[in-house]
Amino acid sequence: MKEKIKYIMSRKYFHICMTIIIIAIILFVSGIMILKYQVEGETNMPFEVTKITLISSSDTVDKNQNAEITNWAFDINQNNDIYIYIEKNKNYTEQEAIKNIKVENFNVQKNSEIGETKFYRPNIEETGANFKNIDENAIQDLVYEGAMESDIKNLKIGNQGGIITFRYANNKVAEYTADISTNSEITTNKLLKEVNINEEDLKSKLTFDLKLTTESGKEYTANIALDFPVAGVVENGTTSLEITDLKDIVFKRTKN
């Protein structure tokens with residue numbers, strides 16, 4: 001028996017078969033590891049997204065240009081403000097700092113064609129609301145630079161964590177007109193209900209890439225998908241949602 005085994009092991013085809021088996025095992029294990037990475041992504045990042053807050057609302061743009069106004073005339077915008085909270089991973093033991101965070105590759109899938117899709121950075125004006133739907137604030141992508149302290153209006157995020165924010169707006173979803181003499185007071189954030197907008201028609205899915213670059217040169221990218229608007233915006237005027245279940249956000253290293 002021993003002689004037979006030695007004979008088989010000495011044959012060329014045996015070595016070929018063993019080589020094939022070893023290569024197959026290596027490819028199988030590598031495939032499992034790649035699949036696991038695709039599903040789970042980076043499991044020990046220096047920073048992590050801990051919460052996303054969504055605020056849906058509406059506002060108006062006055063269409064009247066005349067000095068003497070006898071009728072209300074507004075374009076109605078439906079706005080969605082996104083706040084992303086980023087914190088240092090407590091399980092990450094090495095020293096690291098945020099160099100910058102970029103938001104890019106916006107894509108919107110809408111239920112209907114009403115409105116005009118726009119994206120805005122925080123308001124560049126020193127005073128006033130966090131956001132204002134004006135051309136000066138319009139963006140195609142957005143970069144927050146790491147700094148000692150966060151400063152939303154100047155697009156700064158603390159290098160050990162902070163908040164980044166931007167607005168996804170659906171402008172001119174409807175028009176409101178009325179005689180001022182019979183409607184002397186209006187509540188602008190309730191006008192979606194006044195003009196009988198169907199919330200189903202406002203629904204959309206926004207996807208974008210969030211790219212985090214560290215001072216050491218590592219780069220991590222995740223694709224994020226969010227549904228809008230937050231339910232109840234037509235009825236209530238302003239609605240909000242906090243998302244803490246973030247298991248679907250998978251970061252992958254795109255640069256070492």
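How many bridges join β3 and β8, and in which sense do the two strands pair? Select both strands: β3 and β8 pair in the antiparallel sense, over 10 bridges. This is a predicted model, and the stops below should be viewed with that in mind.

**Stop 1: β3 and its partners**

With β3 (98–110) and β8 (204–214) still selected, show the side chain of Asn-107. Opposite Asn-107 stands Thr-207 in β8. Now add β5 (142–147) to the selection. β3 pairs with β5 as well, again in the antiparallel sense, and this pairing runs over 4 bridges. One residue to pick here is Val-103, whose bridge partner in β5 is Leu-142.

**Stop 2: colour by confidence**

Colour the chain by pLDDT. The average for the protein is 84, and 77% of the residues score at least 70. Then select residues 32–39, where the pLDDT is below 50. Beyond near neighbours in sequence, residues 32–39 have 7 contacts in the model. Where pLDDT is low, predicted coordinates should not be read in detail.

**Stop 3: the five-stranded sheet**

Select β4, β7, β2, β1 and β10. These 5 strands form an open sheet in the order β4-β7-β2-β1-β10, with antiparallel pairing. The edges are β4 (116–120) and β10 (239–243), each of which pairs on one side only. From one strand to the next, the twist averages 15°.

Inside the sheet, isolate β1 (residues 47–62) and β2 (residues 71–88), which pair in the antiparallel sense over 15 bridges. Phe-47 is a useful marker for this pair: Lys-88 in β2 stands opposite Phe-47.

**Stop 4: Lys-51**

Stay on β1 and select Lys-51, which is found in that strand. Which residues does Lys-51 touch, not counting residues up to four places away in sequence? Show Tyr-83, Ile-84 and Tyr-85, then Glu-242, Ile-243, Thr-244 and Leu-246; Lys-51 touches each of these. Next, draw a distance from the C-alpha atom of Lys-51 to that of Asp-245: the two atoms are separated by 7.9 Å, although the residues are 194 apart along the chain.

Asp-245 also leads to a salt bridge. Lys-247 forms one with Asp-245, the closest N and O atoms being 2.8 Å apart. Both residues of this pair are exposed.

**Stop 5: salt bridges, buried and otherwise**

The whole structure holds 9 salt bridges. Go to Asp-81 and Arg-167, whose side chains meet in a salt bridge at 2.6 Å, N to O. Asp-81 is in strand β2 and Arg-167 is in strand β7 (residues 161–179), so select both strands to see how the pair links distant parts of the chain, 86 residues apart. Is this pair buried or exposed? Asp-81 has a relative accessible area of 8% and is buried. Arg-167, at 6% relative accessibility, also counts as buried.

For the next pair, select Lys-132 and Glu-125, which form a salt bridge with their closest N and O atoms 3.6 Å apart. Here Lys-132 counts as partly exposed at 36% relative accessibility, and Glu-125 is partly exposed with a relative accessible area of 33%. Then select Lys-102, Glu-104 and Lys-211, which are linked in a network of salt bridges.

**Stop 6: Asn-137**

From Lys-132, move to Asn-137, in the loop between β4 and β5. Asn-137 is buried, with a relative accessible area of 0%. Leaving aside neighbours within four places in sequence, its contacts are Phe-119, Tyr-120, Arg-121, Pro-122, Asn-123, Ile-124 and Lys-132.

**Stop 7: the nonpolar cores**

In soluble globular proteins, nonpolar side chains tend to be buried together. The largest nonpolar core in this model has 35 residues, and those with the most contacts inside it are Ile-52, Ile-82 and Ile-84. Show β1, β2, β3, β5, β7, β8 and β9 (219–228), each of which supplies at least two residues of this core. The largest share, 5 residues, comes from β9.

Centre the view on Ile-82. Not counting residues up to four places away in sequence, Ile-82 touches Ile-52, Thr-53, Leu-54, Ile-164, Thr-165, Phe-166, Tyr-168, Leu-206, Leu-226 and Phe-228. End the tour at a second, separate core of 12 residues, which includes Ala-174, Leu-192, Ile-197 and Val-234.

Methods. Residues are numbered from 1 along each chain as its sequence is written. This is a predicted model: local features need pLDDT of at least 70, side-chain atom pairs count only at pLDDT 80 or more; totals for chains, interfaces and linings use all residues. Side-chain values use heavy atoms; hydrogens and water are left out. Two strands pair if DSSP finds at least two bridges between them. Axes are lines fitted to C-alpha atoms, for helices over the stretch in contact, and angles run from 0 to 180 degrees between N-to-C directions. Contact means heavy atoms within 4.5 Å. pLDDT is the predictor's confidence in each residue, from 0 to 100. Buried means under 20% relative accessible area, exposed over 50%, partly exposed in between (1.4 Å probe, protein chains only). A salt bridge is a side-chain nitrogen of Lys or Arg within 4 Å of a carboxyl oxygen of Asp or Glu. A nonpolar core is a set of buried Ala, Val, Leu, Ile, Met, Phe, Trp, Tyr and Cys residues joined through side-chain atoms within 4.5 Å.
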